[in-house]
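A visitor at the bench wants to understand how two chains meet, and a guide answers from the model.

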2 protein chains.
Amino acid sequence: MANKAQVLYDFTAEPGNNELTVREGETITITNQGVGGGWIEAQNSRGEVGLVPEDYIELPGGGRNVEHVAAPAAAHAPDLSFFDAFAAPANNTTQNQASNGKDPWSVWNQDTTGGSSNNWAAQPEGTITGKSAAPDPWGSTAQSHPQAYQGPGAEDDEWDDEWDDVKSNSESGDGGAIQRGGATGSSMKISLNNRFPGFSKSGPELFLLCKQPPKGKEKITIYMGEVGPVWSYPEAQLDCVVADPKKGTKMYGLKSYIEYQVIPNTTNRPVNHRYKHFDWLYERLLDKFGSAIPIPSLPDKQVTGRFEEEFIKMRMERLQGWMTRMCRHPVVSNSDVFQLFLTYKDEKDWKTGKRKAEKDEDVGVMIFSSIEPEAPDLDPIEVEQKCDQFSRFTKAMDDGVKDLLTVGQEHWKRCTGPLPKEYQRIGKAFQNLSSVFTSSGYQGEATLTDAMTSAGKTYEEIAQMVAEQPRKDLHFLMENNNEYKGLLGCFPDTIGVHKAAIEKVKEGDRLVAASKITPQDKVTMAKRVSTMSYALQAEMNHFHSNRIYDYNRVMQLYLEEQVKFYETIAEKLKQAHSQFTTM
Amino acid sequence: MANKAQVLYDFTAEPGNNELTVREGETITITNQGVGGGWIEAQNSRGEVGLVPEDYIELPGGGRNVEHVAAPAAAHAPDLSFFDAFAAPANNTTQNQASNGKDPWSVWNQDTTGGSSNNWAAQPEGTITGKSAAPDPWGSTAQSHPQAYQGPGAEDDEWDDEWDDVKSNSESGDGGAIQRGGATGSSMKISLNNRFPGFSKSGPELFLLCKQPPKGKEKITIYMGEVGPVWSYPEAQLDCVVADPKKGTKMYGLKSYIEYQVIPNTTNRPVNHRYKHFDWLYERLLDKFGSAIPIPSLPDKQVTGRFEEEFIKMRMERLQGWMTRMCRHPVVSNSDVFQLFLTYKDEKDWKTGKRKAEKDEDVGVMIFSSIEPEAPDLDPIEVEQKCDQFSRFTKAMDDGVKDLLTVGQEHWKRCTGPLPKEYQRIGKAFQNLSSVFTSSGYQGEATLTDAMTSAGKTYEEIAQMVAEQPRKDLHFLMENNNEYKGLLGCFPDTIGVHKAAIEKVKEGDRLVAASKITPQDKVTMAKRVSTMSYALQAEMNHFHSNRIYDYNRVMQLYLEEQVKFYETIAEKLKQAHSQFTTM
């Protein structure tokens, strides 16, 4: 219990969360290492006790936690093989990230002006996380910092066989005592990781140069549609409802969690899932499809108000949004793992499917080996042009979305802060004058004073309407843009895979000359990069079509509510007006 | 030209007005003493040249200007007779004013919280002045400072015989080159001054103890109405239109001025008046009625933008408001001097009437000698109670009005500043996103982008509407309350006269015992204070009835425009909404 530990990075406690502020180099005493969820309880030299992220300290037993933070870059270092040269985009971002100091994501997250391409380039590989205060769910964009959550993958060995999650350390989902979650709207965790033994080389060359696509595997077809290459869409659109959050307990009531019902429109049969199951699904989808399809992060994991209705409602709403987006994706929704999540029959079925999904080796860039475009091969120059175009577009849209989020956030603040206060003061001033008039002792005062009081109350009502309105309209506009910010944040990684592949193909002649590859390899690479390009185009077309639907829908909703809002105010004022008389 | 002068008080130049900032004790060089309008041009030791108020400096020829500032208090000091004890309220305020230092009105004017009775007590005798920036006509409430304008009374000898005002020094009205005017909404100049030889004793005792009311003079009757004592109202309400401002020139075009047409509804014949004629009328009404009837100050004299349309329109609007209020007053509107102003036949008629009015000795407290209440004498205790009640009411209303003005001013600022900027940014963000979407290269983009652009433009239109709206509604609410602030600012002086009279009557027994007055004097005093009380009650009832009308009217107007405003926004947004589609 008297274990000393060294603080590796500055950590600033967030108020009200039992956290302890520590500084780099400080020595602290571990008072409870079994807190779970990536946190330990510690005491500083001033005797203050609080929670500190495990990753921020060097535990006496060794640098396990440290290793985790530094892992992505370090893991590549000892294996500087030929192929690593092609992993440039992913590697570069890792280095940018490191060079940013202790909080590599701060620039990205603080980029609310949507300005420099620098931020776009600094897009990190790892999980971007933030903890937002409940009343301003988008505040996190400017305040996130690295945190202790390590992702369920790191805990697979502990979690895999547990259905009931009795081990406290496995509470990475909703069960953990103190947990900071990845912010919705940040980038996906790059799928080019080396967690699986078969994929220690993380570049697209794994696919470009693989002997031949495995046989008998499921195929993902790309057709030529009116708008260009498109995924094969199912006849009936998969959909699901996330509903009915229930609080459950375990460990004889010592721990509690929230379980959601997920009801797909195919079976109409509800299945139960906890947040960590969603997170598990996210990890599987990311591994499997992340190189071709941007898989947006799950909504924030969040501790504050974990059992408060507001928070549960918000998380459910965002899980619903995430699931809807996954359902809408023809490739994702058709995958075994996604179907398992939605339609598993019983615990045994779930467990079996879970193990199978985790053993799936057809992940990372190998997804492209499943893709079959029904169209002629593309010229590498055209591939590059397309890729650049998508890169520019997603970058520009990312800027635009962030700009709108910034403006919206300020508007939200004004609407819930100074503006209603001002209407309230106007209302009070009218009522105050009315009560002075009442004291005049003059006959025939009542008509005016009643009308003035009523006008005053009307402005107080308007004040309240103004303050409540953002939840009715701006909220959805913000949520939609926040979702898109998350989605767009995944594109640099996806596009990076393509750029790396294009670079590889460009070097084809030199590599042949240097006998690094055969001429046949070069031909194969060009063909395969064409396949990748078709996939990217299909994905972009999927993105565009969804975007057009989503923005139409959210703008309709926003403007509809705005119209109602102004009409209601006008109606209230009309009522107030009718009470005055100069007869 | 190389005349040196000593600066008596700090003076801070207002930007853009050719003024020179000077500090107390500084020596400056007079470069032009003939600027007129109470200003001189001077140069400081740093060589900077600009205008400084005459009153702020000691001219080489002697302390004439200084004397004027200090005059009201000093004039009383050498004559501490018995009667002066009764002049307490007026005298006290003079002393409060002096004790406040260089800017005795700052407290009064800065009282925007409507809080302490201290400010109410500190109501000064003199002219309260301020210069407001054109776009925010109420800004003056927090920024006024003493200034050079001395009131036309001080210039009577120069002005009296001049119709065409050729002397530059007489340009106290609209003709002066640089002129700061008394702020509308500040107190009236007390009428208990000693400018006229017959009224060197300034207390109400002049009336209370005068031998007997002059015979054959016009009578002002007070009836008992439903609401209590009321003035005798004419059958037809006098009214007038102030219109058609015209720029005239004189001195062979060297000087210019604005002349307004005033058209009374009785003759329907326009007469021409310059601002300084209104000011002359104001002085006459103040002298004659000020002890019984609050005579609100004229609108600001103002130089900035003197010939700009905006300013002329605003001044005309306020002159109209002032004239309407005077027309509505049965006593004021019926007076010879007011009738002269509205209906003089020609220059000769005007001159004759002007001289007659200026020689009128029936001014100050002697107005009460004309008043004949048709009701039994009031008990002095009741008189005091009424007086206190009115004092409390006017004080409370003054607070309420100032509160509303403060709130309104902040709302004005928000509506013309940050709020439209925010709507504009929302509009820009939508349009920006729309133009990003346009660059997608995706087919079927146009419907969304057109709709987004249109929604963006709608928010830009809303921004403009928000910015322009205050001129359409808040403006009138502010003007009305500003007018009432001015009117209410006159009440402490009027009520002070009554309080002094009540105190005098209270001391009746003691004064009789000390043989200062006869027992008959005491009876006369009680009777006369009863007359004064009837006058005050009639005036309060007049005030209340006008107030009820005015506030009903202005609230109707305000709410009507607000309704239109919100309805228009709703309509615009409905239009924008209709362009989005999720079909």
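The questions below turn first to the contact between the chains and then to a sheet in chain A.

Visitor: Which helix gives the largest share of the side of chain B that touches chain A?
Guide: This is a predicted model, in which the contact takes 55 residues from chain B and 55 residues from chain A. On the side of chain B, helices H12 (380–416), H13 (418–438), H14 (446–472) and H17 (519–577) each supply at least two residues. The largest share, 21 residues, comes from H17(B).

Visitor: How many nonpolar, polar and charged residues does the side of chain B that touches chain A have?
Guide: The contact takes 55 residues from chain B. Sorted by class, this side has 27 nonpolar, 17 polar and 11 charged residues.

Visitor: Which kind of axis relates the two copies?
Guide: Chain B is superposed on chain A by a rotation of 180° with 0.1 Å of shift along its axis, at an RMSD of 0.2 Å. Also, 100% of the interface residues of chain B are interface residues in chain A, so the copies meet through the same surface. The copies are therefore related as by a two-fold rotation axis.

Visitor: Which helix of chain A packs on the sheet with the order E7-E6-E11?
Guide: This open sheet of three strands in chain A has mixed pairing, and its edge strands are E7 (228–231) and E11 (371–373) of chain A. Strand E6 (residues 220–225) of chain A runs parallel to E11(A), joined by three bridges. The helix that touches E6, E7 and E11 of chain A, with its direction at about 80° to that of E7(A), is H17(A).

Note on methods: Residues numbered from 1 in each chain as written. Chains lettered and ligands numbered in written order. Predicted model: local features only at pLDDT ≥ 70, side-chain atom pairs only at ≥ 80, totals over all residues. Contact = placed C-beta atoms within 7 Å. Helix = DSSP H or I, 4+ residues; strand = E, 2+ residues; numbered from the N terminus. Nonpolar A, V, L, I, M, F, W, Y, C, P; charged D, E, K, R; others polar. Least-squares fit on C-alpha atoms with pLDDT ≥ 70 in both. Pairing = 2+ DSSP bridges. Axes fitted to C-alpha atoms, helices over the stretch in contact; angles between N-to-C directions.
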